[in-house]
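This briefing walks through a structure one topic at a time, beginning with individual helices and ending with the way the parts meet. Please keep the sequence and the 3D view open while you read.

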Protein chains: 2
Amino acid sequence: MPLTRVIEQTVPVTFRYAVQFTHGLFGPENGVLRDTLAGKGGESVKVLCVLDAGVGEAFPDLARQIGAYFARHADAMQLVAPPLVVPGGERVKGDTRHVGQVQDAIHAHGIDRHSYVIVVGGGAVIDMVGFAAGTAHRGVRLVRVPTTVLAQNDSGVGVKNSVNAYGKKNWLGTFAPPYAVLNDLDFLAALEERDWLSGLAEAVKVALLKDASFFTWLEENAPALVARDLEAMEYAVYRCAELHLAHIAGSGDPFEMGSSRPLDFGHWAAHKLESLTSYALRHGEAVAVGLALDCTYAALKGMLPEADWRRVLDLLLALRLPVYVPELGTSAQDPADPSSVLSGLNEFREHLGGRLTIPLLTHIGRATEVHEMDFGLLRRTVGLLQDLHTHPTRGTSWLSTKAPAC
Amino acid sequence: MPLTRVIEQTVPVTFRYAVQFTHGLFGPENGVLRDTLAGKGGESVKVLCVLDAGVGEAFPDLARQIGAYFARHADAMQLVAPPLVVPGGERVKGDTRHVGQVQDAIHAHGIDRHSYVIVVGGGAVIDMVGFAAGTAHRGVRLVRVPTTVLAQNDSGVGVKNSVNAYGKKNWLGTFAPPYAVLNDLDFLAALEERDWLSGLAEAVKVALLKDASFFTWLEENAPALVARDLEAMEYAVYRCAELHLAHIAGSGDPFEMGSSRPLDFGHWAAHKLESLTSYALRHGEAVAVGLALDCTYAALKGMLPEADWRRVLDLLLALRLPVYVPELGTSAQDPADPSSVLSGLNEFREHLGGRLTIPLLTHIGRATEVHEMDFGLLRRTVGLLQDLHTHPTRGTSWLSTKAPAC
């Protein structure tokens, strides 16, 4: 009898962390960071701070402010060194030397599992530092201070981290929930136009998947959001983060062991477009194009009512988000060609593993999953979006005349 | 009001995996591996196999057998390439090129989250491959086939993986439970003397912590174990794995977010001794010395009854495990000197983080935790073990005359 014995092992783990929304996080009177870090035994904790160079440029006084904050709270927490500055943007995820640089600092300053790494920056820097901190000592405590709309409403609040490898986005990474997330809304005011707007693509995405009334709110508030109304943005960020967090907590598969990843709606094309544009396209912009692509595909397929499709495209356009980029290519595309956006479908499947599983919209606020995509119809979809992009004045009313549901 | 809103996030995750004990895993009639891997949808799954060079040498026909097994089950599973051979032993954890080599293969062969990496080898190779697989695509499925006593009864059944960095054992790693563990007891018969015996140190450890009757079983079966009785070894491995697994499942802190790590009993000195001997000392041998050290310390401290202490030392000696090595040093040791074993206490604290927490025995089968260790008493402990090592014929009865409890 070859099989003598079996032990069925079950390991339950519960991760808990708070996502806090505040203003002026490093201001002298703000107690949020201190309350997050202060040791329960009254001991002073060690903290390594990593700062996104782009944020440092936008807020030249920030490093000094951080130093002053720690000096004020020296009884509870000590900065082991001045903030370690790393380049911002997706490039930081493509060079493993940055991971080494953060780990060198963790080692040199004796940061342990009860010490803290604080990362202040955009989603890419948070991802990279998260990977460095998540593998040092099998995970030291990470406090994320996301500074962009995208990082505050999506990438910075979840349980993943990563860097790029083999020319593929997020190829290396771990699942490692943060110790805490501190969203300082004051950082958003300084964002340049593209970053202010592009992060809203994730809000559109999660509203489409989960919450029709949030979608309506976005429609109503699109003009205010475009006009940089900070109060509107605060609500958009909060509600989007809340919907993402509720999904992660309730999905039953936060570490993505199965094939289903509804939050990656629109992302198969988005990841590929980011890579095809060498990350000149922002993640949020790429997601907007990906949403336009998959929603138009669903409409052409007859899964999504045309009126809903029109609302989606109109909202993306009202938020000044792109719905087409030249890298989407033309109808001649070959899915086996890595320079074709269609090859992104298989790369997406491979990253998830298992069966291809693509979320597609059936109504605003509701999605389903499909396991194959029709390349011919995808090429038609691209053609339609190109058309809409070339003749924006026609608006979205052209679909019904030009491309009846099939 | 600086703090505007808080979302308290709770992420429950449950990991499940089977630890199976079998014989002749790659034999043509053994269905265990096939049943573990076969896709539920009837599709054929991709498998990358990584093989410990030491195991390949001990079983020169193994690579061919593995190939034949997969050929026989080609409907359900395909080997993407001949087994990738990596060096065995702790050295493989010190050179990050090996992690790169495994990840190159994962990438080149399109191993995704629903494909498999099978690692056949000792604990060090399993640790290294686990880190490579645990970070590729944020974790591809890993099936561990541990080939040593130590890996089958302890390191190969748990939820951790790691490599060494900055001259420190396990500095880099993740928590990532395996997809399955397949313990083929036939591998044990080929082990050289040192590896056959040294893995039993973890059995002594977990018996001391958790199960006095298993300790008694070990005492009674020590002669059979030393005489390489395979049936006795099978039970020792099974019971030790079972106790480790039960602890991990029930501890409430499998990912070690707190300060308490009872299973690391005897390990503060063990990790340091491994490093001081450049890993010439096997992990199990180092653990035996570490157990002798901490039990003798507890006896001298008056925490552990002398009769219990004597049983511990007698069992270690009966199993031909070391209780002293020259690297333990002499009484002149300085805990601030990294070449002193005493410096291992702080390195251990730093790896865990937070407060120093050392498990010490109070009775056979029961431990408590202390938060400081007396360096003077530790030096005396070392002196006593050196004495016992130099004059083994005196036996353990000398403690009461020479060193009354203080």
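In this predicted model, α12(B) is followed by B:G302, a residue whose phi is positive, near 85 degrees. The points below begin with the helix that leads up to this glycine, and then turn to other helices, to some loop residues, to the two domains of chain A and to the meeting of the two chains.

**Helix α12 of chain B**

- Helix α12 of chain B covers residues 283-301, which makes 19 residues, and the distance from its first C-alpha to its last is 26 Å, close to the 27 Å expected at 1.5 Å a residue.
- Because 18 of the 19 residues of α12(B) are buried, this helix is largely enclosed by the rest of the structure.

**Helices α8 and α9 of chain A**

- Helix α9 of chain A runs over residues 212-226, and its 15 residues should span 21 Å at 1.5 Å a residue, which agrees with the 21 Å that separates its end C-alpha atoms.
- At A:E220 there is a bend of about 50 degrees in α9(A), and a proline, A:P223, follows within four residues.
- The buried residues of α9(A) are A:F214, A:F215, A:L218, A:A222 and A:L225, and they pack against α8 (200-210), α10 (230-250) and α13 (306-318) of chain A.
- One of these packing partners, α8(A), is itself mostly covered, since eleven of its eleven residues are buried; among them are A:L200, A:E202, A:K205 and A:K210.
- Just after α9(A) comes A:R228, which takes a positive phi of about 60 degrees.

**Positive phi in loops of chain A**

- As background for this topic, most residues other than glycine have a negative phi.
- A:H137, a residue other than glycine, has a positive phi near 55 degrees, and its place is in the loop between α5 (123-135) and β6 (141-146) of chain A.
- Is A:H137 buried or exposed? A:H137 is buried, as 26 other C-beta atoms lie within 10 Å, and the cut-off for being buried is 20 or more.
- A:R320 is not a glycine either, yet its phi is positive, at about 55 degrees, and this residue sits in the loop between α13 and α14 (343-352) of chain A.
- A:R320 counts as partly exposed, because it has 16 C-beta neighbours inside 10 Å.

**A loop proline in chain B**

- B:P87 belongs to the loop between β4 (84-86) and α4 (96-108) of chain B, and with 16 C-beta neighbours inside 10 Å it counts as partly exposed.
- If its neighbours within four places in sequence are left aside, B:P87 is in contact with B:A53 and B:V92.
- From B:P87 to B:R97 there are ten residues in sequence, and the two are 12 Å apart in space, C-alpha to C-alpha.

**The two domains of chain A**

- Chain A is divided into domain 1 (18-190) and domain 2 (193-402), and the C-alpha centres of these domains lie 29 Å apart.
- Where the domains meet, 21 residues of domain 1 of chain A are in contact with 26 residues of domain 2 of chain A.
- On the side of domain 1 of chain A that touches domain 2 of chain A, β1 (3-22), α6 (149-155) and β8 (168-175) each supply at least two residues, and α6(A) gives the most, with five residues.
- By class, this side of domain 1 of chain A has ten nonpolar, six polar and five charged residues.

**How chains A and B meet**

- Between the chains, 61 residues of chain B are in contact with 61 residues of chain A.
- Several elements of chain B supply at least two residues each to the side that touches chain A, including α5 (123-135), β7 (160-165) and α14 (343-352), while the largest share, 20 residues, comes from β1(B).
- The residues on this side of chain B divide into 28 nonpolar, 23 polar and ten charged.
- A turn of 180 degrees and a shift of 0.0 Å along the axis lay chain B on chain A with an RMSD of 0.0 Å, and the two copies are therefore related as by a two-fold rotation axis.
- Which residue of chain B comes closest to the rotation axis? It is B:V13, whose C-alpha is at 2.7 Å.
- The copies meet through the same surface, because 100% of the interface residues of chain B are also interface residues in chain A.

Note on methods
Residues numbered from 1 in each chain as written. Chains lettered and ligands numbered in written order. Predicted model: local features only at pLDDT ≥ 70, side-chain atom pairs only at ≥ 80, totals over all residues. Expected span 1.5 Å × (residues − 1). Bend = angle between axes of the 7 residues up to and from the residue. Buried ≥ 20, exposed ≤ 12 C-beta atoms within 10 Å, placed from the backbone. Contact = placed C-beta atoms within 7 Å. Nonpolar A, V, L, I, M, F, W, Y, C, P; charged D, E, K, R; others polar. Least-squares fit on C-alpha atoms with pLDDT ≥ 70 in both. Domains from an automatic or database assignment.
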